[in-house]
Amino acid sequence: MDRRTFLKLAGMGSLTFASACTLESEKKLYSLVKNQDDMVSGKANWYAGTCRRCPAGCGVLAKNREGRVIKLEGNPLHPVNRGKLCIRGQSGLQAVYHPERLKGPRIKQDGRWQAISFEEAIARIAEKTRSAAARGKNRVRMLTCLEGDVCMGLFEKSMAALNGTAPLVFEPFSHEHLRTANQAVFGVSGLPSYRMENADCLVGFGADFLETWLSPVEYARRFKAMHAYADAKKGRFFHVSPWRGLTGANADAWLSCRPAAEAVICLGLIRQVLARKGSSGISAQMARQIRAVCEPYTREKVIDLSGVDPSGYDQMAESLLRAKDPLILGAGTLGRGRGDLQANIAANLLNFVLDPQLGKIDFTRRHRAEKAAGHGEIAAFFDQLAGNPPDVLLLNNVNPVYALPPEMDTSGILASQQMFTVCFSNFMDETAQRADMVFPVSMALESWDEYGAYPDLLSFCQPAMKPLYGAPQIGDVFLRIAPDGTFENKDTKQALISRAQERWGISDTGAWLQAVRAGGRFDHKDASAGASGPAVTPGFQDWFEDPPALIRSESLLFAALPSVRFFDGRDANIPWLCEIPDPVSKVAWQSPVLMHPETARKHGVRTGDGINLINRTGAVSAPVYETRNIRPGLAGIQAGQGHTGPGRYSGGRGANPFSLFSLQRQADAETAFYAAGPLRLEKSGQRQKLASTAGSMDPHGRKIALTVTLSDLAAPPGPEKHGLAMHDFPLTLPLPEGYDAHRDFYPPHDHADYRWAMAVDLDRCIGCSACAAACYAENNLAVVGEQEIINGREMSWMHIEHYQQMDRPDQPIFLPMLCQHCDNAPCESVCPVFAPHHNKEGLNNQIYNRCIGTRFCAQNCPYKVRRFNWHDWNWPEPLNLQLNPDVTVRSKGVMEKCSFCVQRIKAAHGHAKNENRMIKDGEVTPACVQTCPTGALVFGSLMDADSRVSKLVKDRRAYQVMGYLNTKPAVIYLKKVVHET
Amino acid sequence: MEILIATIAGIALLVIVVLIATRGRPGRFFSAAGQFLAVIAGNRWQVFFFVLAAVIAGVFAWLLYIYPASGLGAAQPIPFSHRVHAGVKQIDCRFCHPYAERSTYPGVPPGQKCLFCHDHIIAGHPEIRKEHDYFNTNTPVPWRKVNYLPEHVFFNHQRHIKKDVDCRECHGDVQSMDRLKGKDFKMGFCLECHRKKDANVGCWLACHN
């Protein structure tokens, strides 16, 4: 009797008892009720739509399997993102399937929430609004997030019919200062886009275009078009700011300046440019005015005022003056008061002085975010609510209680008994808690809508799945609450059809279907690149009357930092975004106070010490995180966390920097600033472990993330001598030709037809972590939570490592790290049960059902990419609906790791076999490769000599991370190209 | 296999008892039956427990392998007969499981599809009325699943059909079964065929991922 049969017999009796003498499977198989034309079980349907997680408006393709959307990918046809998505776009799905998503409307009665039906809720809102409208003008008010034209049209018409004014658009990141600056300098009150790809020298004064600024995916692409190494050239990027976030970490040089001193530096540069290049192309009057503004800012004064490193400043000025196509970007979105506006105006002026034609600013392609109201208007709106409360207040998908300074008392205003507040929101956030009714509406993936990132862009949203809880869409609600006869259309889809007909001439069904299939109409052409900008209207002098405040402050100052993960706080409750660490600080789940080690020492605190930051308006408490990415004298917290609502993943987690802001009103009612006054630091006496996933950012002299200078690349390659030491170990491809009898113990692997490999261009990687989020979505990775991350048990298969450059420790470098699918894999040789082993296409398989959990493989892996399941992780319902049915959900006690998305390789095999051919290059794209906004990752087969990856591995920059261990990795990295200092 | 082992084990136990009770000379079972019975009587409790155990084992074996219904599969909410549809009426498998050739899963027919025919054929039969009730109340039919694969195994119907593997090779003679009895799919079953046909036996590339 063999072992298996013995165990079978031994178990038989007890199992038979346990299952009450039935051997039938308990699982049910549900059939559909009706035939579905477009649903083939086991096959995905893709629906084009628009991402609505931020105002950028990228195009998405939603992958629907058996009726539920399981993955989002960028729409390759869409002009904004061209097939790519950011970390937030990838994670948008978890908002749809969030366990706390409201299933139906609730109404507050005697301080208690009671569930009511959608019908009842609509009837209740209609009755309230109509009776309020009958009582006079402006008895119904509305605040909305940025919506598409169709929705805004419905809102405006409904509000007009309800005797009210048009709804106010509230976006916490309104880019108001940039808009005001454009008005002051160019006479355009809007947000033109920047043709960054045409520039050869970029100077940013804090604009975080890789995190939250305007349109991150689009600008990541445009940035790398000018900044990636190509044709022996590489553009330059200088980042001038008191801190260095993700955008700053991608700069060639970070010029640390005092807070609010960016404008001073910019004015100094204008002065130098005028002195060197003169004012040709600028009208005499204009030149005089610009001179008047920048005249006081000599080099010495700039350096003195801003505290910037003199040699860095000179280098930047020199690069800028020598550049053929320089482009200047202003300040970021997060409030630092008047300094932001001054920096934006000065940046506009510098752009104008450098290129009076303004060829790199596209005034025809304006970002939709320009429609958001400014701080002043929002403040006035809440003043009116406080002074003269309307009868009904409608809030659509906004969270002012979280995002506005506490002194505006939005919380108190909304809680007012006089107003009936309806909050159209899918979550019980801070604002919804204070409303009288919460009405969940269907999300963008579940409804017909339209959202064009640019004025002439038609970009659809269509139902890629049935609304999860049957909620109506907001447009339909407004069609029903408006007085009868307001609208001819009976639902939003009809309004969309008629709008498409009027605006884009889509009149017949064929054209409509074509547009819906593509996701919109993308044939809109950019205005020709040489078109000149509008006439520059002088109106900027007033803003420079007083020198920027705060510059010389000796007390601890505060900065709210942009976060690539949480945006304005709306995404803080999404588990993937909490779990994937910030690429720069590498801290997950928490929002620590970033502080320069000097500042920390001065205040007697160190990393992990709990502190309270207190100023006139509020207080936050958070642990300290010492980093050199922030200027001494400054304490910074990333925006997004610190919610007080009941969020499962966000409630009471982290700190909210908005709560330290105060509102600074200006003489003209339109402009207002948010700024945080000087801080007081108190130790809370508690220590907190940071949920950091970085062991060390110092490579300790090991060849991990490498750089190469431009001049080294320009020089002809010298004779190479290969040895077996770290510095001279040759690049060894994971192919039979990489076998060397002198150093290999095992015979070479033979590969049949394919040898999958990936090329990672470190010069293109910006560290945005979109790849990590795509991997979580595609491969059913578990979210382990803060404590398990502290225990070192994160499950990411693909993560971004942040290192200091070996030659220049002050400069960061990002390294995407995933299973290297080594040809000579250290994990394979130590497993007692052959759970990891090499397959015929070169993949390093991990067989879950064979794994017994010794963890020897993880111990022996030099790349530390293997993840052990310490628990059976759970996906709180309905998050489990997102799971990819093509990938096993791993259970406790099993090792797992990157599979190069083998399910996609198998699907490609299927297609190729059906057509009786080989898999073509580019046909297999793992999830990370698919979403990389800058195209840093390339996947293909090394057996195909013409594949892109085969060509890239022959690049001079190619190397293998720790290849000197003779692991023969199949992930080949290309060194980051840096400028000589 | 299990039956064989259980039977042999049972016989072996019987032989052991006889050998013990006849003190090593089985011939005495016949020649000195009285003595044999005395030994049995002397050890009646042991014998009782042994017989009890044998009876319980026998009952299990009977229930599992010999009981008339053990050849049948699970009782379904509607007693659909594959024998009638696929055997007698000769309806092609792909009529009801249309995606077998083009997808991973063959597809289970929606209730509506049943009624395309059964609106005309025995439309008033009480079991067909049940199907109507499911359809009219927009309720999916809760079929009992008979074929079961562990979660870490991915079987692709398309690939097998394209290689001209007959449905019956894995699913058995469905045409002759009223109540479908699921095949007990084990890795050995897959491997046997994969080896015979020289098909892919790479873990990830073939079945697991």
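Here is a short walk through this predicted model, stop by stop.

Before you click, note that residues count from 1 along each chain as its sequence is written, while chains are lettered from A and ligands numbered from 1 in the order in which they are written. Since this is a prediction, local features need pLDDT of at least 70 and side-chain atom pairs count only at pLDDT 80 or more, whereas totals for chains, interfaces and linings use all residues.

**Stop 1: chain B on its own**

Hide chain A and colour chain B by secondary structure. You should find twelve helices and one strand; here helices (H or I, at least four residues) and strands (E, at least two) are DSSP runs, numbered from the N terminus. Going along the sequence, the pattern reads α-α-α-α-α-α-α-α-β-α-α-α-α. The radius of gyration of chain B is 26 Å, well over the 17 Å that the globule rule gives for 209 residues, so chain B is more spread out than a compact globule. (That radius is taken over C-alpha atoms, and the rule is 2.2 Å times the number of residues to the power 0.38.) Its C-alpha trace spans about 75 × 50 × 30 Å along the principal axes. Buried residues come to 10% of the 209 in chain B; buried is 20 or more other C-beta atoms within 10 Å of a residue's own, exposed is 12 or fewer, and partly exposed is in between, with C-beta atoms placed from the backbone.

**Stop 2: where B meets A**

Bring chain A back. How many residues does each chain put into the contact? Chain B gives 40 and chain A gives 37, with contact meaning that C-beta atoms, placed from the backbone, lie within 7 Å. On the chain B side, elements giving two or more residues include α1 (2-21), α4 (44-66) and β1 (142-144). That side divides into 19 nonpolar, 14 polar and seven charged residues. (Ala, Val, Leu, Ile, Met, Phe, Trp, Tyr, Cys and Pro count as nonpolar, Asp, Glu, Lys and Arg as charged, and the others, Gly among them, as polar.)

Now zoom in on β1 of chain A, residues 28-30: this strand and β1(B) pair antiparallel over three bridges. Strands pair if DSSP finds at least two bridges between them. Select A:Lys28 and you'll see its bridge partner, B:Arg144.

**Stop 3: a small sheet in chain A**

Next, pick out the open antiparallel sheet with three strands in the order β2-β3-β4. β2 (44-50) and β4 (68-74) are at the edges with a single partner strand each, so one side of each has no neighbour in the sheet. Seven bridges join β2(A) to β3 (residues 59-65); on that stretch, A:Gly49 stands opposite A:Val60.

**Stop 4: the domains of chain A**

Colour domain 1 (176-367), domain 2 (555-687) and domain 3 (707-712 + 759-978); the bounds come from an automatic or database domain assignment. The centres of domains 1 and 3, over C-alpha atoms, are 38 Å apart. Their contact takes twelve residues from domain 1 and eleven from domain 3. On the domain 1 side, α7(A) has the largest share, four residues.

**Stop 5: A:Arg648**

Finish in the loop between β25 (634-638) and β26 (662-665) of chain A, where you'll find A:Arg648. Is A:Arg648 buried or exposed? It is exposed, with 12 other C-beta atoms within 10 Å. Setting aside neighbours within four places in sequence, A:Arg648 is in contact with A:Pro99, A:Glu100 and A:Asn573.

Definitions and conventions:
Two residues are in contact if their C-beta atoms, placed from the backbone, lie within 7 Å.
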